[in-house]
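Okay, everyone, thanks for coming. I'll put the structure up first and then walk you through the parts I found most fun to look at.

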Amino acid sequence: MAISGLLERFKKGLARTAKLFDVRSWFGSKVDQEFLERLESRLIQADVGVAATGRLIERVKERFADRTADEELLTFLKSELKALLVDIRPGSLAVASKKPSVYLIAGVNGSGKTTSIAKLAQRLKDEGRTILLGACDTFRAAAADQLAIWADRAGCEIVRGAPGADPASVAHDACQRALARGVDVLIVDTAGRLHTQGHLMRELEKIRGVIHRMIPGSPHEVLLVIDATNGQNAIRQAEVFTKSIGCTGVILTKLDGTAKGGVVVAVRQSMNLPVKFIGVGEGLDDLQPFDAETFVESLFA
Ligand SMILES: Nc1nc2c(ncn2[C@@H]2O[C@H](COP(=O)(O)OP(=O)(O)OP(=O)(O)O)[C@@H](O)[C@H]2O)c(=O)[nH]1
Ligand SMILES: [Mg+2]
């Protein structure tokens, strides 16, 4: 996609968060305590997180205290935020040296796993890759149906089990099929679960274990799908899921519906987990590779 198109999508998806960062309307005001408090409260509201906010405010104070807010302050804020996100490579997913690359997708209920998988499958397919989907959400019969519809639309095959089947056995079958078919990518969907549900977290560990045994070196990515509207709760989810299944990155969905877009920074800072993709709508092309540069520009657009 052209750079300008990407910026427009980010802007649209981040419009609610960007409302908090109307820094231009503060131009001409003195950077005093009141100014810093206002900036701090905006950063907190956007869920940038206490630690990153504290650091940003300190940096602004050091440099701009008692000066007048102007373009230079805006440029400084942007570059500081970008620096917090700098080492995130846009949308890069690990690719196995030997096929298939396996991506395991997990997260709490309704966070957007299945729709994100559909969007991701479409994206990878458009890049010319062959995809197999594993429907390891056997908890609800409708879940595999939902994935099957997406698979059909994206023109890829799906492996599913009987309702109530052991999800780890479906993972096993999906790996076997992926190897037999020689597909490039296997994406494994899982049932939503709360990070506080110990037995369901263990079930997830079992799925991961099976995948790892069947395809050595895999899963190549364990992507945690986080609903951005959860704000700071996302951090706790990320901690527990990472401890359990070793997450390698985050798909942050529903940014279009929230002003808490700053959580991208909080996730990066507190968990050292890169945000790989962001969801900015319900359409198939509403999953975008996360790009720090475009993200920050959109916040202040
Ligand atoms: N606005 C918006 N809606 C989204 C986005 N991503 C997902 N959704 C919606 O969120 C709802 C839940 O999505 P699912 O993909 O079914 O979520 P899930 O995590 O698979 O849910 P469970 O399998 O039940 O845990 C659906 O209505 C999606 O259309 C997004 O980026 N923006
Ligand atoms: Mg689902």
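Before I start on helix pairs, one bit of vocabulary: when I say two residues meet or touch, I mean that their C-beta atoms, placed from the backbone, lie within 7 Å. And do keep in mind that this is a predicted model.

So, with that in hand, let's take helix 6 and helix 7. On the helix 6 side we have Thr114, Ala118, Ala121, Gln122 and Lys125, and they meet Ala143, Gln146, Leu147, Trp150 and Ala154 in helix 7. The two axes come within 10 Å and cross at roughly 20 degrees. Angles under 35 degrees count as roughly parallel, so that's what we call helix 6 and helix 7. For those of you who care about handedness, this crossing is right-handed.

Let's stay on helix 6 for a minute. It covers residues 113–126, and its 14 residues reach 20 Å from first C-alpha to last, close to the 20 Å expected at 1.5 Å a residue. How many of its residues are buried? Eleven of the 14, so I'd call helix 6 mostly covered. The buried ones include Lys113, Lys119 and Arg123, along with Ile117, Leu120 and Leu124. Right after the helix you get Gly128, with a positive phi of about 95 degrees.

One residue in helix 6 that I'd like you to click on is Ser116. Is Ser116 buried or exposed? Buried: it has 24 C-beta neighbours inside 10 Å, and the cut-off for buried is 20 or more. As for who those contacts are, leaving out residues up to four places away in sequence, Ser116 touches Val225, Ile251, Thr253, Gly279 and Leu287. There's also a nice long-range pair here: Ser116 and Leu252 sit 136 residues apart in sequence, yet C-alpha to C-alpha they are 9.5 Å apart in space.

Now the core. In soluble globular proteins, nonpolar side chains tend to be buried together. Here the largest nonpolar core has 91 residues, and those with the most contacts inside it are Ala121, Leu133, Leu186, Ile187, Val188 and Val250. Which helix gives the largest share of this core? That's helix 7, residues 141–154, with six residues. You've met Ala121 already, as one of the helix 6 residues facing helix 7.

Val188 is worth zooming in on. Again skipping residues up to four places away in sequence, Val188 touches Val102, Tyr103, Leu104 and Ile105, then Gly134 and Cys136, and finally Ala171, Ala174 and Ile211.

Two of those, Ala171 and Ala174, take us to helix 8, where both are among the buried residues. The others on that list are Pro167, Val170, His172, Cys175 and Ala178. What covers them includes strand 2 (131–136), strand 3 (157–160), strand 4 (185–190) and helix 9 (198–214). Helix 8 itself runs over residues 167–181, and at 1.5 Å a residue its 15 residues should span 21 Å; the end C-alpha atoms are 21 Å apart, so that agrees. And here too a glycine follows the helix: Gly182, whose phi is positive, near 70 degrees.

One more helix pair, helix 5 and helix 12. Their axes come within 9 Å and cross at roughly 145 degrees, and the crossing is right-handed. Lys78, Leu81, Lys82 and Leu85 in helix 5 meet Ala292, Glu293 and Val296 in helix 12.

Last, some backbone oddities. We have a cis peptide bond between Lys99 and Pro100, omega about -5 degrees, and Pro100 is in the loop between helix 5 and strand 1. Another cis bond runs from Ser218 to Pro219, with omega near -5 degrees; Pro219 is in the loop between helix 9 and strand 5.

Then there are residues with a positive phi that aren't glycine. Asp66 is at about 65 degrees, in the loop between helix 4 and helix 5, and it is exposed, with 9 other C-beta atoms within 10 Å. Lys254 is at about 60 degrees, in the loop between strand 6 and helix 11, but Lys254 is buried, with 21 other C-beta atoms within 10 Å.

That's my tour, so over to you.

Definitions and conventions. Residues numbered from 1 in each chain as written. Chains lettered and ligands numbered in written order. Predicted model: local features only at pLDDT ≥ 70, side-chain atom pairs only at ≥ 80, totals over all residues. Helix = DSSP H or I, 4+ residues; strand = E, 2+ residues; numbered from the N terminus. Expected span 1.5 Å × (residues − 1). Buried ≥ 20, exposed ≤ 12 C-beta atoms within 10 Å, placed from the backbone. Core = buried A, V, L, I, M, F, W, Y, C linked by C-beta atoms within 7 Å. Axes fitted to C-alpha atoms, helices over the stretch in contact; angles between N-to-C directions. Parallel < 35°, antiparallel > 145°, perpendicular 65-115°, else oblique. Left-handed = near helix turned anticlockwise from the far one by under 90°.
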